[in-house]
Amino acid sequence: MSSERRIHLSKAARPAYDALDQFARTVGRIAADAGIDDRLMELALIHTSQLNGCASCIRVHVTRATAAGVTADEIAQLPAWRESGVFSERERAALELAEAYVYIHEDGVSDELYDHVGSVFSEAEYVAVSWLLVSINAFNRITIAGRYPVPPRAAPADAG
């Protein structure tokens, strides 16, 4: 089946997709109420989408991240965050937890990682980041399975 003929789950069962969208909005409110700022949230969502290979979600969250003040340099460094010095301790904890959620089938969330992230985040923050990661992993799977297209963006008009 070609990608042009793939069923888009978001269109084929709209009530389920709408419920997932509402879930994501609820999770966003939980994150905001727990004090998770947009920068940390978007970095974790981009990194998760990068690891899952979801170009559509990467595009959405890069747009949101830049609106939240994340720079192109910081976004470019996400794949090498362990070697980079541009991320805060909180952001690094979220990125590490993001990796555990993407690869949860391998090791789960180890006690060591749980304790480390728990030493950086409050319980409410840990819960919020975890729900954000559950949500983005669901969207990544829907989008990847449907091979949602990610065409090139139009070049900006010359301001000159």
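Buried means under 20% relative accessible area, exposed means over 50%, and partly exposed lies in between (1.4 Å probe, protein chains only). The model is predicted, so local features need pLDDT of at least 70 and side-chain atom pairs count only at pLDDT 80 or more, while totals for chains, interfaces and linings use all residues. Residues are numbered from 1 along each chain as its sequence is written, and side-chain values use heavy atoms, with hydrogens and water left out.

**Exercise 1. A salt bridge within one helix**

Task: Classify Arg 14 as buried, partly exposed or exposed, then describe its salt bridge with Asp 18.

Solution.
- Step 1. Arg 14 has 40% relative accessibility and therefore counts as partly exposed.
- Step 2. Asp 18 has a relative accessible area of 37%, so Asp 18 is partly exposed too.
- Step 3. A salt bridge is a side-chain nitrogen of Lys or Arg within 4 Å of a carboxyl oxygen of Asp or Glu. The closest N and O atoms of Asp 18 and Arg 14 are 2.9 Å apart.
- Step 4. Helices (H or I, at least four residues) and strands (E, at least two) are DSSP runs, numbered from the N terminus. Asp 18 and Arg 14 are about one helical turn from each other because they are four residues apart in helix H2.

**Exercise 2. Salt bridges between distant parts of the chain**

Task: How many salt bridges does the structure hold, and which parts of the chain do Arg 39 and Glu 91 link?

Solution.
- Step 1. There are six salt bridges in the structure.
- Step 2. One joins the side chains of Arg 39 and Glu 91, at 2.4 Å from N to O. Arg 39 belongs to helix H3 and Glu 91 to helix H6, 52 residues apart, and the pair links these distant parts of the chain.
- Step 3. Both Arg 39 and Glu 91 are buried.
- Step 4. Another salt bridge is formed by Arg 82 and Glu 99, whose closest N and O atoms are 2.8 Å apart. Arg 82 sits in the loop between helix H5 (72-77) and H6, and Glu 99 in helix H6, 17 residues away.
- Step 5. Arg 82, at 42% relative accessibility, counts as partly exposed. Glu 99 is buried, with a relative accessible area of 15%.
- Step 6. Arg 39, Glu 74 and Glu 91 are joined into one network by salt bridges that share partners.

**Exercise 3. The nonpolar cores**

Task: Which helix gives the largest share of the largest nonpolar core?

Solution.
- Step 1. A nonpolar core is a set of buried Ala, Val, Leu, Ile, Met, Phe, Trp, Tyr and Cys residues joined through side-chain atoms within 4.5 Å.
- Step 2. The largest one has 30 residues, and those touching the most other members include Ile 36, Leu 97, Val 129 and Leu 133.
- Step 3. At least two residues each come from helix H2 (14-33), H3, helix H6 (89-102), helix H8 (111-120) and H9.
- Step 4. H9 gives the largest share, with eight residues.
- Step 5. Contact means heavy atoms within 4.5 Å. Beyond residues up to four places away in sequence, Leu 97 touches Val 109, Leu 113, Val 117, Tyr 126, Val 129, Ser 130 and Leu 133.
- Step 6. Another core, of nine residues, lies apart from this one, and Ile 46, Ala 65, Ile 75 and Trp 81 are among its members.

**Exercise 4. Helix H9 and a surface patch**

Task: What span does helix H9 reach, and which residues form a nonpolar patch on the surface?

Solution.
- Step 1. The expected span of a helix is 1.5 Å times one less than its number of residues.
- Step 2. Helix H9 (residues 123-145) has 23 residues and reaches 33 Å from first to last C-alpha, close to the expected 33 Å.
- Step 3. Patches are made of residues with over 30% relative accessible area and no salt bridge, with like charges joined within 9 Å and nonpolar side chains (Val, Leu, Ile, Met, Phe, Trp, Tyr) within 5 Å. Accessible areas come from the Shrake-Rupley method with a 1.4 Å probe.
- Step 4. Val 127, Trp 131 and Val 134 form the patch, with about 230 Å² of accessible area together.
- Step 5. Trp 131 is in helix H9, and its relative accessible area of 38% makes it partly exposed.
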